[in-house]
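Please look over the following protein chain before reading the report on its fold, its sheet and its backbone.

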Amino acid sequence: MHSLDPTAAYALLGLQPEAVLLDCRTEIEHMYVGHPVGAEHVAWQEGPDWEIDPAFADKVRRLVKGDLSRPVLIICRSGTRSLDAGLALEAAGFTQVINVLEGFEGPLDDDFHRGTLGGWRFRGLPWQQS
């Protein structure tokens, strides 16, 4: 699996229109916290039990219409869940999986806040709320 920072991931999406940006956060995060413009949503896990969705790879396979060589860039809150989700996609046969470092909100700062040190939104990349 490759990793790119948010700015490089955004540039790649512009160069490869067949690439898919996949938001693997929960539905609530995707809708209310915001998400990159154009991101497709398939949750890696959901509350209240936080179990990994056993159909995750199948849902992404349908999203890419069975083309497992299509580039899939995965973003989450901080770049951790997306790494695990990406490994699951690779195990399912996807060949171009890219983890978006820093995620949408970035790492925690010294005051335990996100969005001040990095992430898609911090970098000023296009995003929206539903």
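## Strand pairing and overall fold

Strand 5 (residues 72-75) and strand 6 (residues 97-100) pair in the parallel sense, with three bridges between them. Two strands are said to pair if DSSP finds at least two bridges between them, and helices (H or I, at least four residues) and strands (E, at least two) are DSSP runs numbered from the N terminus. The model is predicted, so local features need pLDDT of at least 70 and side-chain atom pairs count only at pLDDT 80 or more, while totals for chains, interfaces and linings use all residues. Residues are numbered from 1 along each chain as its sequence is written, and side-chain values use heavy atoms, with hydrogens and water left out.

The protein chain holds four helices and seven strands, and from the N terminus on its elements follow the order β-α-β-α-β-β-α-β-α-β-β. With a radius of gyration of 14 Å, close to the 14 Å that the globule rule gives for 130 residues, the protein chain is as compact as a globular protein of that length. Here the radius of gyration is taken over C-alpha atoms, and the globule rule is 2.2 Å times the number of residues to the power 0.38. Of the 130 residues in the protein chain, 40% are buried, where buried means under 20% relative accessible area, exposed over 50%, and partly exposed in between (1.4 Å probe, protein chains only). Among contacts in the protein chain between residues at least 6 apart in sequence, 60% join residues at least 24 apart, a contact being heavy atoms within 4.5 Å.

## The parallel sheet

Five strands make up an open sheet in the order 1-6-5-2-4, and the pairing is parallel. Its edge strands, each of which pairs on one side only, are strand 1 (2-4) and strand 4 (40-41). The pairs that involve strand 1, strand 2 and strand 4 are listed below.

| Strands | Bridges | Opposed residues |
|---|---|---|
| Strand 1 and strand 6 | three bridges | Ser 3 and Asn 99 |
| Strand 2 and strand 5 | four bridges | Leu 22 and Ile 74 |
| Strand 2 and strand 4 | two bridges | Asp 23 and His 41 |

Between strands 5 and 6, Ile 74 has Asn 99 as its bridge partner, and Val 72 has Val 97.

In a regular strand the side chains alternate between the two faces of the sheet. In strand 2 (residues 20-23), Val 20 and Leu 22 point one way while Leu 21 and Asp 23 point the other way, and all are buried. Strand 6 is likewise covered on both faces, with Val 97 and Asn 99 buried on one side and Ile 98 and Val 100 buried on the other.

## Backbone features in the loops

Most residues other than glycine have a negative phi, and most peptide bonds are trans. The peptide bond that joins Gly 47 and Pro 48, however, is cis, with omega about 10°, and Pro 48 is found in the loop between strand 4 and helix 3 (56-63). Trp 50 also lies in the loop between strand 4 and helix 3; although not a glycine, Trp 50 has a positive phi of about 60°, and its relative accessible area of 47% makes it partly exposed. Phe 112, in the loop between strand 6 and strand 7 (127-128), has a positive phi of about 65° although it is not a glycine, and is exposed, with a relative accessible area of 65%.
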